[in-house]
Amino acid sequence: MTIDSVADPGDGNAVRGPKRNWRLMLSFTGPLVIVGALAYLLAIHGHEVEQAAKRVSAADLLLVTLLALLTLLARTEAVIACLTAMSNRTRRVDIHAANSLTFLAATINHYASSIVRGALVKRLDREHAPTIPQMIMIDTATTLIEALVVAILIVVSAGALKVAWWVPVLLVLAGVAAIAAALLLRRRFARHNVLRGLDVLAHSRQRIVVALLMIIVICTQVARTLIVLQAVGLHPSLLQAVATFVAAGVLSSLFAGPAAGTAGGPLLIFGHSSLAASAAAGLVLSITSLLAGVLYAIPGGPLFIWRLRRRSS
């Protein structure tokens, strides 16, 4: 049996096992490995990477940046829907102002997103803002809904993606089971205020709103990936674009450092056939994502400061 900590018979305190240490090491060294790989590719194949990146037109760069911005706005609206389900919602303008800064922090460490968002919203509205643990539950709820939507989209596109029939079935069953478990947990421990962050799962209207917003996020991200991969000359199929998007998501969930998952996704799927083009695609996707966050924060940052000063006065 593997456990993260064991009891020390000498003093009764918990002793950390190696498992958590390895997870922590992986989360921080992973981005360094990807950044190092990109730096190596730039040093060895810099000219080829540059030529591949130059194939991306200004129109494509603008389009994928705007699509990335759309995903940020949709994710913020999903948070608003979750707070609406809690019947104690902070003003929409405050949530957008706080989330615009949260996304910038997420480029450094996405694990801190819930904490940063919760703290910023609390600064603007102490009466209606959720607690940080509730905000973590809100992100958990949106992640569960997003995972189920991904599974359903795979079912719908199974023919085009040439996926075995049992794969989407298992994904849907897993998604339904996860949401059912969350609902059971919410009902079983309803007296604990922290689980109010899961209220959206039981709120039929807001649950549909979040699901629709997650469809927008997923389709937009796949479209971004497809446009960039095509632009750098990789000529991906829909399956390869989806696989690149999924690979980037998996890497992002594993690593706690700078958002290396977006850059690493193309390398995992296309690195065996075209290192330069896949590195260029990863760089373009990462830079445009960061640029979208900056564009969101340009009005959001001053708005946050203005709302904060207004509250203090």
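In which helix does Glu-146 lie? In this predicted model, Glu-146 is a residue of helix α5, the element that covers residues 132-156.

## Overall architecture

The protein chain has eleven helices and two strands, and when it is read along the sequence the pattern is β-β-α-α-α-α-α-α-α-α-α-α-α, with the two strands written ahead of the helices.

Of the 313 residues of the protein chain, 42% count as buried. Where contacts between residues at least 6 apart in sequence are considered, 67% join residues at least 24 apart. The accessible surface of the protein chain comes to about 16400 Å², and carbon and sulfur atoms account for 68% of that area.

## Glu-146 and its partner Arg-75

Glu-146 has a relative accessible area of 16% and is therefore buried, given that the term applies under 20%. When its neighbours within four places in sequence are left aside, Glu-146 is in contact with Arg-75, Met-214, Val-217 and Ile-218.

One of these contacts, the one with Arg-75, is also a salt bridge, in which the closest N and O atoms of Arg-75 and Glu-146 are 3.1 Å apart. This pair links distant parts of the chain, since Arg-75 belongs to helix α2 (residues 58-85) and Glu-146 to helix α5, with their positions 71 residues apart in sequence. The two partners fall into separate accessibility classes: Arg-75, at 29% relative accessibility, counts as partly exposed, whereas Glu-146, at 16%, is buried.

## A salt-bridge network around Asp-199

The count of salt bridges in the model comes to six. Among them is the bridge between the side chains of Asp-199 and Arg-186, with an N to O distance of 2.9 Å. Asp-199 lies in the loop between α7 (166-188) and α8 (204-231), while Arg-186 lies in helix α7, so this pair ties together parts of the chain that are 13 residues apart in sequence.

The side chain of Asp-199 also meets that of Arg-196 in a salt bridge, here with an N to O distance of 3.4 Å. Through such shared partners, Arg-186, Arg-196 and Asp-199 are joined into one network. Within this network, Asp-199 counts as buried because its relative accessibility is 12%, a value under the 20% limit for that class. Arg-186, with a relative accessible area of 26%, is partly exposed, and Arg-196, at 28% relative accessibility, likewise counts as partly exposed.

## Aromatic rings

How many aromatic pairs does the count come to? The count comes to one aromatic pair. The rings of Phe-103 and Tyr-296 have their centres 6.0 Å apart and their planes at 35 degrees, so the pair is classed as tilted; the angle falls between the limits for the other classes, which are under 30 degrees for stacked and over 60 for edge-to-face. The pair links distant parts of the chain, with Phe-103 in helix α3 (residues 92-106) and Tyr-296 in helix α11 (residues 275-312), 193 residues apart. Phe-103 counts as buried at 14% relative accessibility, and Tyr-296 counts as buried at 6%.

A further arrangement that involves an aromatic ring is found at Arg-188, which lies over the face of Phe-189 at 5.0 Å from the ring centre.

## Cysteines

The count of disulfides comes to zero. As for individual cysteines, Cys-82 counts as buried, because its relative accessibility is 0%, whereas Cys-219, at 43% relative accessibility, counts as partly exposed.

## Backbone at His-235

Is His-235 buried or exposed? At 56% relative accessibility, His-235 counts as exposed, because that class holds values over 50%. His-235 is found in the loop between α8 and α9 (238-254), and His-235 has a positive phi of about 50 degrees although it is not a glycine.

Note on methods. Residues numbered from 1 in each chain as written. Predicted model: local features only at pLDDT ≥ 70, side-chain atom pairs only at ≥ 80, totals over all residues. Heavy atoms only, no water. Helix = DSSP H or I, 4+ residues; strand = E, 2+ residues; numbered from the N terminus. Buried < 20%, exposed > 50% of the residue type's maximum accessible area, 1.4 Å probe, protein only. Contact = heavy atoms within 4.5 Å. Phe/Tyr/Trp six-rings, centres within 6.5 Å; stacked < 30°, edge-to-face > 60°. Lys NZ or Arg CZ within 6 Å of the ring centre and 35° of its normal. Salt bridge = Lys/Arg side-chain N within 4 Å of Asp/Glu carboxyl O. Disulfide = S-S within 2.5 Å. Areas by Shrake-Rupley, 256 points an atom, 1.4 Å probe, with all protein chains shown as cover.
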